[in-house]
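Student: I would like to go through this model with you, element by element and then as a whole. Could we take it up as a series of questions?

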Amino acid sequence: MNLAQKLIHAHLAGGDPAPGEEIALRVDQTLTQDATGTMVMLELEALGIDRVRTESVQYVDHNLLQADERNMADHLFLRSACRRFGVWYSKPGNGVSHPTHMQRFGVPGKLLAGSDSHTCAAGSLGMLAIGVGGLDVAMAMAGEPLYLVMPEIWGVRLTGELPPWVSAKDVILEMLRRHGVAGGVHRIIEYHGPGLACLSAMDRHVIANMGAELGATTSVLPADDRVREFLEAEDRADDFTRLVADDGAGYDVTDEIDLSALVPLIARPGSPGDVVPVQEVAGADVHQAVIGSSANPGLRDFAVVAAILEGRQSHPQVSLDVNPSSRQILADLTAMGATTALIQSGARLHQTGCLGCIGMGQAPAIGHNSLRTMPRNFPGRSGTADDRVWLCSPETAAAAALTGRITDPRTLDMDYPTLSLPSRSAVNRAMLEPPTDEPAELEKAPSIGSMPDLDPMPADLAATVAITVGDDISTDEILQAGASALPFRSNIEKLAEFTFRRVDAGYVERAEHPHAIVAGRNYGQGSSREHAVLAPRFLGLRLVLARSYARIHWQNLVNFGVLPLEYGDDSDIPAAGDRLEVSGVPDALRDGHDVEVRNATRGSTIRCRHRLSARQVGLILAGGRIPAFRAAA
């Protein structure tokens with residue numbers, strides 16, 4: 001078997017692990033962060049759960065700007081919920097969830113379910129790490145299996161060795177250049193081959209992390225000597241287990257990358273999939289360079305920037321922003337003297353957290369280029385409506401910080417730095433609070449709401465189309481993140497006011513109970529935030545017609561009782577204001593996968609398909625997973 005098959009079979013709790021079939025998996029660990037964890041804790045309360053049944057960690061890394069009382073109120077609520085339900089609590093400023101989890105909790109062979117799409121980063125340790133919606137995580141914490149459509153296994157063989165000025169970020173950018181943002185949908189990417197030997201565990205984290213941008217279910221890499229070295233450096237050698245694919249293991253799909261042939265790459269503004277060589281766009285002015293995030297979180301990623309900038313001053317027009325990914329990495333960076341090099345070069349050192357990656361500060365100027373080592377550059381995600389965010393490696397970002405222009409780092413007048421990194425990490429456990437058996441009440445400030453009531457699906461559904469959108473609409477466009485909206489993440493009624501604001505500000509006023517949305521391909525790509533379903537569901541959404549869906553968003557629609565249907569390329573696509581009707585919904589869903597949707601406004605019929613299992617049909621009819629769980633209790 002290949003490694004992905006081994007991990008799946010080790011956790012299989014039900015179903016046939018053949019591509020396209022629904023399977024159930026036993027979950028060992030869960031990860032939540034504060035942008036999604038508040039809702040997870042409210043869901044645990046709504047489910048009536050007393051104590052969680054998995055090893056669970058709640059991180060506070062997204063909403064760290066406390067412009068008013070709401071963010072800190074959520075932090076206090078989350079800490080009280082951790083004490084109530086038996087969850088580890090990672091304090092604000094301890095670090096971004098993904099590298100911190102890798103450092104302190106990641107174990108080869110375990111299954112991690114996380115309410116963050118970049119949970120897949122833990123695949124770098126030989127884990128099966130899957131990003132899902134918050135309700136799926138809450139159910140896993142309650143002891144329920146994780147349900148998943150069995151993906152294809154995509155084997156990517158790595159050969160050769162990375163040349164100077166090319167790093168792990170360029171490997172995943174090459175994948176995106178070849179395959180685009182939907183290339184990994186319904187697939188697990190398994191990296192293998194001799195080229196892995198030159199990639200550290202944290203380099204592999206960079207590659208696994210941005211598998212989310214390919215739409216992949218997850219990415220997996222072997223637990224080999226490089227993983228053993230990492231765990232030894234983290235004072236966790238006993239957690240290492242060697243896990244590799246069998247010799248001669250096969251894959252459903254294959255690809256190969258010669259690392260020695262790679263060049264510095266960059267994703268142009270608007271999409272992580274619009275990737276070109278840096279040399280093709282060199283010369284464009286740059287006004288901001290941001291180093292950090294879960295997509296380049298390792299000590300090496302910061303240390304190489306410090307080495308490139310040491311003894312030099314960043315360009316006067318460039319705001320050079322550094323977001324250390326964990327307090328532990330900041331301590332190591334400081335012990336090396338690299339923090340001083342960054343500060344003396346003109347860098348602005350920010351607190352450890354996601355920050356600019358989620359639009360929580362560091363918003364760029366309108367129409368000015370911002371180069372970032374982050375995973376996403378969807379329009380407006382940075383907090384600026386007319387942003388120009390490029391995604392690149394730390395080397396390319398550092399070159400731009402020096403020159404004030406997009407610059408191929410190979411053209412800098414210097415040798416590629418040789419780094420001497422510590423063999424042992426500055427292990428930091430002090431900001432992790434373990435679960436306690438002491439009773440605790442949930443601490444709810446007035447800004448914290450409750451789960452909205454979820455009504456059952458009507459037997460005959462009639463819904464007006466409130467909005468039509470195109471291909472690759474992201475969850476950031478459905479429901480913006482950033483400093484203005486995220487503080488309301490625990491209050492769905494207030495958060496709903498932001499729905500589709502950046503796409504069509506009139507949506508909220510037009511949204512009827514019930515209403516429908518019509519979309520193109522890959523609808524709902526990006527974040528796992530279930531708020532992008534809960535908010536429109538609160539406003540009356542019950543039906544979505546799209547050509548195809550991003551995996552997590554599709555699952556979130558099902559979990560909250562919104563019917564996701566797919567239409568064909570030859571369909572008469574409804575327009576905003578059209579009245580759609582589905583008669584006899586229960587029978588239509590149970591009798592097969594074809595569903596007729598009548599457009600009463602045009603007097604036409606659209607033949608659609610659904611991909612729901614029998615279990616999911618029950619969830620749709622009940623109004624979602626929470627009412628279905630309550631009814632079965």
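Student: What is the sign of phi at Gly 404, which follows α13, and near what value does it lie?

Tutor: This is a predicted model, in which local features need pLDDT of at least 70 and side-chain atom pairs count only at pLDDT 80 or more, while totals for chains, interfaces and linings use all residues. Residues are numbered from 1 along each chain as its sequence is written, and side-chain values use heavy atoms, with hydrogens and water left out. Helices here are DSSP runs of H or I with at least four residues, strands are runs of E with at least two, and both are numbered from the N terminus. Gly 404 comes after α13, and its phi is positive, near 75°.

Student: How many residues of helix α13 (residues 394-403) are buried, and what do they pack against?

Tutor: Buried means under 20% relative accessible area, exposed means over 50%, and partly exposed lies in between, with a 1.4 Å probe and protein chains only. By that criterion α13 is mostly covered, with 10 of its 10 residues buried, among them Pro 394, Glu 395, Leu 402 and Thr 403. Taking contact as heavy atoms within 4.5 Å, these buried residues pack against α9, β15 (288-292), α10, β16, β18 (369-372) and β19 (388-392).

Student: Which residues does Gln 313 contact beyond its neighbours in sequence, and which backbone oxygen lies 3.0 Å from a polar atom of its side chain?

Tutor: Gln 313 sits in the loop between α10 (299-309) and β16 (319-323). Leaving aside neighbours within four places in sequence, Gln 313 is in contact with Gln 344, Ser 345, Gly 346 and Leu 402, the last of which is one of the buried residues of α13. A polar contact is a pair of N or O atoms within 3.5 Å, where within protein one must be able to donate a hydrogen and the other to accept it, and residues adjacent in sequence count only if both atoms are side-chain atoms. The backbone oxygen lying 3.0 Å from a polar atom of the Gln 313 side chain is that of Gln 344.

Student: Is Ser 326 buried or exposed, and which side chain makes a polar contact with its own?

Tutor: Ser 326 belongs to the loop between β16 and α11 (327-335), and because its relative accessible area is 1%, Ser 326 is buried. Not counting residues up to four places away in sequence, Ser 326 touches Asn 94, Gly 95, Thr 100, Gln 103 and Thr 352. The polar contact, at 3.5 Å, is with the side chain of Gln 103.

Student: Is Glu 280 buried or exposed, and how far apart in space are Glu 280 and Asp 408?

Tutor: Glu 280 lies in helix α9 (residues 278-281), and since its relative accessible area is 58%, Glu 280 is exposed. Glu 280 and Asp 408 are 128 residues apart in sequence, whereas their C-alpha to C-alpha distance in space is 9.0 Å.

Student: What are the phi values of Ser 293 and Phe 500, neither of which is a glycine?

Tutor: Ser 293 is in the loop between β15 and α10, and because its relative accessibility is 1%, Ser 293 counts as buried. Phe 500 is in the loop between α15 (492-495) and α16, and its relative accessible area of 0% likewise makes Phe 500 buried. Phi is positive in each case, at about 90° for Ser 293 and about 55° for Phe 500.

Student: Where is the cis peptide bond that involves Pro 514, and what is its omega?

Tutor: Pro 514 lies in the loop between α16 (507-510) and β22 (515-518). The cis bond joins His 513 and Pro 514, with omega about -5°.

Student: What radius of gyration does the protein chain have, and what would a compact globule have?

Tutor: The protein chain has 21 helices and 27 strands, and of its 633 residues 63% count as buried. The radius of gyration is taken over C-alpha atoms, and the globule rule is 2.2 Å times the number of residues to the power 0.38. For 633 residues a compact globule would therefore be near 26 Å, which agrees with the chain's 23 Å.
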